[in-house]
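Hi,

Here is the structure I promised to pass on. Have a look, and then read my notes underneath.

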Amino acid sequence: MAFVLNVSETPEDQGSPEPSPYDESEMHHSFHQLIQEQSQWAAQEGLELQQRGSGAGTLRASGSAHQALLRPEGAAAHSTATLQILASMPSRTIGRSRGAIISQYYNRTVRLRRRASRPRLRDLGRSARPSLRLYDLELDSTALEEEEKRVLLVKELQGLTVAQQDHMLRGMPLSLAEKRCLREETWAPKGKQWGQQGRLGPLSCCSWFHDTCVLALHNLGLVLLSRLHALAPWHYALKRIGGQFGSSVLSYFLFLKTLLGFNVLLLLPLLAFIVGVQAAFPPAPLGSAPAFTGLELLTGGGYFTDSVLYYGYYSNATLNRLCASPPDGGLCTPEAAGLPYNMPLAYLFTVGAAFFITCITLVYSMSHSFGESYRVGSTSGAHAITVFCSWDHKVTQKWASRLQHDNIRTQLKELLAVWQRQRGRGSRCRRLRQVATLGVVWLLCLGVALGCTVAVYAFSEHMIKSSVSADREWALLALPLVVCLLNVGAPYLYRSLAALERHDSPVLEVYVAICRNLILKTVILGILCYHWLGRRVGTLEDQCWENFVGQELYRLMVMDFIFMLLDTLFGELVWRLISEKKLRRGKPEFDIAGNVLELIYGQTMTWLGVLFSPLLPAIQIIKLLLLFYVKKTSLMANCQAPRRPWLASHMSTVFISLLCFPSFLGTAIFLCYAIWQVRPSSLCGPFRTLGSMYEAGKVWVRRLERAGPSVSWLPWIHRYLVESTFPIYLVSALLLAVIYLNIQVVKGQRKVISLLKEQISNEGEDKIFLTNKLHSVYDRKERSRVCRTQEAVMPSALLIDDGDTW
């Protein structure tokens, strides 16, 4: 049946705006009206969900208490009233009759194009309405009529624009396959018409060429977007590590990647405003440069001393561009010399700005990591999300699917291990025994850290008393060698002591190891800082002590990298051979705590040396790049996945927090003390004529005050924003207020989530309660109806019996 009704327009229709067929709310309202009217007519005619069986509406011969609807196997038994209520829901009616849906959309589009109003739905034939039968919903119209309606709908869609077609198809309650078929049927004739028009005239040819170019650019953009992840460094390597070894080992390599980004961000302003400018205006050499012997790669001295690598090479003058002499033999004017560049001021402000940018980036990374790791409601449903939502259906290659399979399997192992550990709890005696063992081991570890601190202090004092001559430059490696030996040997002792504790949770075991190693490295760096600023400054008054501190940090970084390579070779390769051949235990596990603390230790030395060696971040970048490939190769060859899988969802947050508070905060205190309190060398560097490095800013402010009133606002900013302590307190108060507000917001979100969960459970119980009430009401009505039927049947049976007796 075609639903094209040629009804003349009324005056009301001419004056009122026509509703848009793309209004989704209006569409659903019309469907609701359609269902409601048909339900009323079905109730009047007594056609409500009749029994469809072999008998034409008769009672079954069995002795059941009420009629049962024919239903598929396994369906729940509900009464007729319950089924009527459920069948009247839009989710049970819309979508069951495809012909009714197409007819509805066809009527809307026809009314829009022909400006004809549609009569009331009750005036239409019953075959035009969707059936409300619950389990045997059938189309009243034949397949041929449905196909005709579909063709008419396709024609109507072809008369609309592409945007209107997309909007209309998205609003249809059809499956994706049906929508795709409608879209293809709608576009196919257009393509043929365009091809025919392209052969007829030049305008159509230009349109075809334009559409082809747009489609090609669109496909190219999609291809580039799909390949965008390949630009991320070590994308495939990180996925492979996470799939084979889990998120715990992956957290180490992600942290290494984060440190690489921090160093690149720190190096860029130093190269642009300090190193590059000084390299363009090199100072006059004081003497002949020593020959390169190769030992400088370890000691950092000799040939590297008078270079842009260290603080002493930079000038304390104002750099100007040299100008050529005028043809008449006059002198150069100040304008011809170019804009002056104050090197001391640039050195101080560039280092300060670089540290400020690093601080902002570090705080943002930490807050972002906290938001990802401790997201409200993130742990609920983690198993279901991993099972049903982890697979990427765009993967077609075999190696990619295998890698994704390994990732999902490892995630499930970690989630199940966490769930099992949460359920299993030991006895009280066992807990007391573990606490006692933990206390004893902690005392031993603190004793080891104290012994290492005393050893470093004693050896540093010995190095101060024994002067090193120029021909014995290799002796400068003694202190870095001792420090690296202690940093490598003490963690092995900690690991052997930790074997006595036998922690139930691998996460707790890693956290304890990180705390012990962090205490060791913190006290060693504290002793070294005191050695450099408290002792060496006094003993090197006639020398450039800033160069010596920079060289010491360079030697520590180089020796630390060498010892990390040796530890990887002997600590992992040799131990794997011993474990497999002799002990028969298989490959060892990857030491996450020790390796992470080595990264934090190296980054701390980089931040400490930025003021004395501006190119130290570049050395750290090279070190991290080499370290990634060395550790990845050793991990694949010498290590195995953790025997007890554990989920490292918060490890990245812990690593960033340790990098921020003990490492960066301690470095900032050290550099602030060096800038404000320590007197610079009088022989080298950009601050050689000043009482402290901070006085470079004061000298610049005094020059601005004498320059005139046009720049008087700059001294005011320096006086009230840099020298005053009020902005520091204000920023600290604002930071604490923001942290407090964020904590309160998180608490409020958790409370709202708990209330919503409780409301959802209550609504489910309400539905169960209403369904049971409907069952009870129907049972009472059914019993009363059966009783009335039996009462009506019994007198007839008595009369028949009496007649037979008579």
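Before anything else, a word I'll use below: contact means heavy atoms within 4.5 Å. This is a predicted model, so to speak of local features I need pLDDT of at least 70, and side-chain atom pairs count only at pLDDT 80 or more, while totals for chains, interfaces and linings use all residues. Residues are numbered from 1 along each chain as its sequence is written, and side-chain values use heavy atoms, with hydrogens and water left out.

Let's start with threonine 299. Leaving aside neighbours within four places in sequence, threonine 299 is in contact with Glu473, Leu477, Gln551, Tyr554 and Arg555. It sits in helix 11 (residues 296-299); helices here are DSSP runs of H or I, at least four residues, numbered from the N terminus. Threonine 299 has a relative accessible area of 0% and is buried (buried means under 20%, exposed over 50%, partly exposed in between, with a 1.4 Å probe and protein chains only).

Arginine 502 is in the loop between helix 16 (478-498) and helix 17 (506-539). Its relative accessibility is 68%, so arginine 502 counts as exposed. Its C-alpha atom is 9.4 Å from that of leucine 438, although the two are 64 residues apart along the chain.

Now for helix 19 (residues 592-609). All 18 of its 18 residues are buried. At 1.5 Å a residue, helix 19 should span 26 Å, and its end C-alpha atoms are indeed 26 Å apart (the expected span is 1.5 Å times one less than the number of residues).

Helix 22 (residues 695-707) passes that check too: 18 Å expected for its 13 residues, and 18 Å between its end C-alpha atoms. Its buried residues are Ala696, Gly697, Val701 and Leu704. Seen down the axis, they fall within an arc of 135°, so they line one face of helix 22 (the arc is that of the directions from the helix axis to the C-beta atoms). Among what covers them are helix 12 (343-373) and helix 23 (713-723). Just after helix 22, glycine 708 takes a positive phi of about 135°.

One more item, the largest pocket. Which residues lie nearest its centre? They are Phe356, Cys359, Ile360, Val363 and Val731, out of 47 lining residues. Helix 12 gives the largest share of that lining, 14 residues. A pocket is an open set of points on a 1 Å grid over the protein atoms alone where a 1.4 Å probe fits, with protein on both sides within 12 Å along at least five of seven lines; lining residues have an atom within 4 Å of a point.

Cheers

How values were computed: Helices (H or I, at least four residues) and strands (E, at least two) are DSSP runs, numbered from the N terminus.
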